[in-house]
Every structure is written in structure tokens, then in C-alpha cells.
Amino acid sequence: MSNSGSFEINAGTRLCAVLGSPIRHSASPATHNAAFTKLGLNWRYLAFEVDPKNLRAAIDGAKAMNFAGLNLTVPHKLLALKMVDELDTSAKKWGAVNTIKFVQSRKSRVQNSEMRAIGFNTDADAIATSLREDLKMNLRGAKILLLGAGGAGRTAALKLASEKIAELFLVNRTRAKAGEIAHEIKKQFPSVKVFLDFPKAKVDLILNATSLGLKPDDRSPLNEKQFSLKQTRAVYEMIYRPAETKLLKAAKKSGCQTANGLGMLLHQGAKAFEIWTGRRAPLDVMRRQLVQSLKSNA
């Protein structure tokens, strides 16, 4: 071990990584590596910029090199559904993959036997936990405007519906994509009213599940000519870097309660850590490292 208390990388080091495009904003490596060090595990977590057209090759490469697992972020969560060997019940239920665990094939336990990629979803429970912790949000009976219908948006929509919200307003650049999610919700959770448009009255929460806000020159995902921030009590931004996007700045100015995606990142990461290692995640260590990482790279 090094003087810092962490393991030096050697031939026995297990590897995990997050794949995304863009990826430079990710705070996951620092968070997971702090957790590995805390538990004395000779593991390392990396980050790789992967274009969507190369995602299958990247997953297969990680499998071939005996990685322990992967996290997937924008824009890979839906694509990966068809690129893993098996879907855990969580990925089937929430319709997206954000975590992959590589395991030896059940057919053979010999060294260097075939590896299988199992897809999980740790985002759904994480978003619900974060909304409760960070915004003190009571989801049952709530009225929510959800921006975005990609992998993160689909997972959020289905999870919110499962929490027995009253009304869900789905707004996406491609209306048909939002329509597919609405159809799925009506089938699984018929008591939830789903609309493919902006609300006509007040809502309890606006949740941004788009990637608008990651780049400094991004516009806000919400056009206030279509819906005013004064018509909501709270705004949740899945993006965590920058810590305050244009949407959150405007929401604070309008007097809304606000939270970014730090809590979601923490809880989905902790669950992924437990899936890979079989150990309980040191949540306090991960939280401190996450906050420190975001401050140092602000």
C-alpha cells in the first residue's frame, strides 16, 4: 500500500469504469475510489469517453479484460438494454441500464471461462431517495412536470408512477418518445394521469432529466413562456456539475426549493458499489468525497 493508504495498481487490481459522452464532468471515479480505499479493496474506478456507436465494443472490451463492472451515463442507458447478456429485474422494470456486473458463466467456473454481462438499474430508487431527502418531497399524490424522455427520463417517469403520484406531465423534444413512456405507464400504473404537454395549473415539482445544462452555453431546458417557474414549489436537476445550472439559478430566483443530482449520484453509486463488491457501501465516505470533488472542480 502507498503512503496515502490506498493500494498501488498491480496485476491483482480489479477495475470498474463509467462510460459516457461527455464524461469529463463525472465525479464517480473520486467517489468510488475513496470507498474502495476505505474498505481496503484493491480496486480502481476509471472514466472513459465512449461514442454511442462504440458502446457495444467498449462493453465487450471491458468484459474481455475481466473488469468487475461498469456504470453507464448519458447517452448509453437505453442502448445498453440490447448489449448485455442478461437483464436484472431492476433493468427490466425501469427500462434502462446504468450498471453492469461481469460474472463468470454459470456453465463453467474454470479460470478464464466465458464472462457474462448483467445489466442493472440503480437510478430509479436513487432518484426517489434523493427527492425525499433533498426536497422533503412527498411523492404520493404529487403533480410533476418531467422534462426529457431519454434513459434517465424513462426511469424517472416509471419510478414516479410507481410511487403513486397523481399526475405526470411528460415534455420531450420528440413527442413520440414521450408517448411510448406514457403508454407504458398507463399499462403498468393506470391510476396515474399522464399528459404529453405542459400543465395548465400549478405542480409540486419540475424534474429535469435532459442533458441541457452540462455545457456552459446550454440553454435552460424549460421555456418559461410555456410554463412559469412560479407555478411550482420545487425544481430538481439531475445534473450535478455544474452545481447550479441555468434552470436552478432561475428557480432559486423564483423562490423555488431546489436540488441538483448529487443525491441521486450518491445513492445510485452506492448501490452499484454493493452489486460489484458484495460489501456495504461506506455512504458517509462517498458523500464527503463527492462534495469535495465537486467543490474542487467547480
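**Close-up views of a predicted model**

**View 1. Surroundings of Gln-268 in helix H8.** Apart from neighbours within four places in sequence, Gln-268 is in contact with Asn-71, Asn-98, Thr-122, Asp-123 and Ala-126. The coordinates shown here and in the other views belong to a predicted model. Gln-268 has a relative accessible area of 8% and is therefore buried, since the cut-off for that class is under 20%. The C-alpha atoms of Gln-268 and Ala-124 are 8.1 Å apart in space, although 144 residues separate Gln-268 from Ala-124 in sequence.

**View 2. The aromatic cluster of Phe-36, Trp-43 and Phe-273.** The structure holds four aromatic pairs. In one of them, the ring centres of Phe-36 and Trp-43 are 5.5 Å apart and the planes stand at 45°, so this pair is tilted. Phe-36 and Trp-43 are both buried. The ring of Phe-36 also pairs with that of Phe-273, with the centres 5.3 Å apart; the planes are at 25°, so this pair is stacked. Phe-36 belongs to helix H1 (residues 28-38) and Phe-273 to helix H8 (residues 262-277), so the stacked pair ties together parts that are 237 residues apart in sequence. Both Phe-36 and Phe-273 are buried.

**View 3. Arg-14 over the ring of Trp-43.** The charged end of Arg-14 sits over this ring, at 5.4 Å from the ring centre. Trp-43 is also a member of the aromatic cluster with Phe-36 and Phe-273.

**View 4. Packing of helix H4 against helix H5.** Helix H4 comprises residues 123-135 and helix H5 residues 151-162. The two helices pack at an angle of about 65°, and their axes are 9 Å apart. The crossing in which H4 passes H5 is right-handed. On the H4 side, the residues in contact are Asp-123, Ala-124, Asp-125, Ile-127, Ala-128 and Leu-131; these meet Thr-155, Lys-159 and Leu-160 of H5. By residue class, the contact of H4 with H5 consists of five nonpolar, one polar and three charged residues. Asp-123 of H4, shown here at the contact with H5, is also in contact with Gln-268.

**View 5. The cis peptide bonds preceding Pro-75 and Pro-242.** Val-74 and Pro-75 are joined by a cis peptide bond with an omega of about 5°. Pro-75 is located in the loop between strand E3 (69-72) and strand E4 (86-87). The peptide bond from Arg-241 to Pro-242 is likewise cis, and its omega is near 5°. Pro-242 is part of the loop between strand E11 (232-237) and helix H7 (246-253).

**View 6. Positive phi at Asn-66 and Lys-164.** Asn-66, a residue other than glycine, has a positive phi near 65°. This residue lies in the loop between helix H2 (55-64) and E3. Asn-66 has a relative accessible area of 41% and is partly exposed. Lys-164 is not a glycine either, yet has a positive phi of about 65°. The loop that contains Lys-164 runs between H5 and strand E8 (167-171). With a relative accessibility of 45%, Lys-164 is also classed as partly exposed.

Conventions: Residues numbered from 1 in each chain as written. Predicted model: local features only at pLDDT ≥ 70, side-chain atom pairs only at ≥ 80, totals over all residues. Heavy atoms only, no water. Phe/Tyr/Trp six-rings, centres within 6.5 Å; stacked < 30°, edge-to-face > 60°. Buried < 20%, exposed > 50% of the residue type's maximum accessible area, 1.4 Å probe, protein only. Helix = DSSP H or I, 4+ residues; strand = E, 2+ residues; numbered from the N terminus. Lys NZ or Arg CZ within 6 Å of the ring centre and 35° of its normal. Axes fitted to C-alpha atoms, helices over the stretch in contact; angles between N-to-C directions. Left-handed = near helix turned anticlockwise from the far one by under 90°. Contact = heavy atoms within 4.5 Å. Nonpolar A, V, L, I, M, F, W, Y, C, P; charged D, E, K, R; others polar.
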